[in-house]
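Student: I would like to go through this structure with you, starting from its surface. Could you show it first?
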Amino acid sequence: KAFLANVGMKADVEQIGTFNPWFEFGYGSGNVAAANQQHNMNFQAIATDYRPGAIYGRFDTNSSVPFGAGVNAALAGNGLQNRIIWGFGAKATPSALNKLTAGLAYYDFNFQNLGAGTGINAGNRHIGSEVDVTAEWKHSETVSFKGTVGNFQPGGYIRNTIDHAGYAANGAPDAPTGRGHTSAAWLSALDVSVKF
């Protein structure tokens with residue numbers, strides 16, 4: 001099962017501009033049945049195009065460089081399959097520059113289920129969180145330019161995975177290897193949109 005909700009409003013302030021706050025919540029099941037049962041309770045997205053976050057959403061499974069490829073392929077954005085994702089933010093368009101829309105967004109990403117709950121990430125479902133700042137200039141009805149700066153902070157799942165990298169080779173599933181350094185991911189991008 002899956003659930004996705006979006007709530008927002010538009011406020012027009014005379015001689016100042018428009019203000020659009022929003023909130024979003026998405027849930028996709030990830031309960032995998034035991035091997036001897038003939039069913040799977042994991043939500044399966046079909047050709048999903050749900051891509052929240054400038055970093056997490058841009059480098060999804062369809063990207064040439066999937067998000068988290070150096071840590072765990074399961075991290076790559078895949079819609080709401082085995083995910084709990086929530087976010088909030090706001091967009092504003094000033095009256096004096098009505099072609100400009102500035103935005104600020106925050107997202108938090110989690111696994112819904114970690115299977116049997118064993119191994120290096122037992123109990124830690126937090127993938128990470130992201131803050132994005134955007135500025136879009138609508139040149140015309142068919143052409144727009146959008147600049148983005150994003151920051152992704154790794155969660156406990158990523159930190160634990162890196163901290164225990166190579167644990168299988170050491171023969172000690174719970175022995176850290178001293179490779180636990182994680183750092184934030186930054187993105188700056190300029191997108192040009194042309195509609196035909």
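Student: How much area does the chain expose, and what share do carbon and sulfur atoms supply?

Tutor: The chain exposes about 11500 Å², and carbon and sulfur atoms supply 57% of it. Accessible areas come from the Shrake-Rupley method with a 1.4 Å probe, and for residues only the protein chains shown count as cover. This is a predicted model, in which local features need pLDDT of at least 70 and side-chain atom pairs count only at pLDDT 80 or more, while totals for chains, interfaces and linings use all residues. Residues are numbered from 1 along each chain as its sequence is written, and side-chain values use heavy atoms, with hydrogens and water left out.

Student: Which residues make the nonpolar surface patch?

Tutor: Leu97, Trp137, Phe145, Leu190, Val192, Val194 and Phe196 make a nonpolar patch of about 800 Å². Patches consist of residues with over 30% relative accessible area and no salt bridge; like charges are joined within 9 Å, and nonpolar side chains (Val, Leu, Ile, Met, Phe, Trp, Tyr) within 5 Å. Strand E10, residues 185-194, gives the most to the nonpolar patch, with 3 residues.

Student: And Phe196, buried or exposed?

Tutor: Phe196 is exposed, with a relative accessible area of 97%. Buried means under 20% relative accessible area, exposed over 50%, and partly exposed in between (1.4 Å probe, protein chains only). Phe196 lies in the segment after E10.

Student: What is the order of elements along the chain?

Tutor: From the N terminus on, they run β-β-β-β-β-β-β-β-β-α-α-β, with 2 helices and 10 strands in the chain. Helices (H or I, at least four residues) and strands (E, at least two) are DSSP runs, numbered from the N terminus.

Student: Changing topic: what is the charge situation of Asp132?

Tutor: Asp132, in strand E8 (residues 126-138), is buried yet has no salt bridge. A salt bridge is a side-chain nitrogen of Lys or Arg within 4 Å of a carboxyl oxygen of Asp or Glu. The nearest side chain of opposite charge, Lys146, is 8.4 Å away; Lys and Arg count as positive and Asp and Glu as negative, with His and the chain ends not counted.

Student: What does the side chain of Asp132 reach, then?

Tutor: It reaches the backbone nitrogen of Ala54 at 3.0 Å. That is a polar contact, a pair of N or O atoms within 3.5 Å; within protein, one must be able to donate a hydrogen and the other to accept it, and residues adjacent in sequence count only if both atoms are side-chain atoms. Not counting residues up to four places away in sequence, Asp132 touches several residues, including Gly53, Gly103, Tyr107 and Asn151. Contact means heavy atoms within 4.5 Å.

Student: How many salt bridges does the structure hold?

Tutor: The structure holds 3 salt bridges. In one of them, Arg58 pairs with Asp191, the closest N and O atoms being 2.9 Å apart. Arg58 lies in the loop between E5 and E6 and Asp191 in strand E10, so the pair ties together parts that are 133 residues apart in sequence.

Student: What about Arg51 and Glu141: which partners do they have?

Tutor: Arg51 forms a salt bridge with Asp49, with 3.3 Å between the closest N and O atoms. Glu141 meets Lys138 at 3.8 Å, N to O. Glu141 is exposed, with a relative accessible area of 63%, whereas Lys138 counts as partly exposed at 42%.
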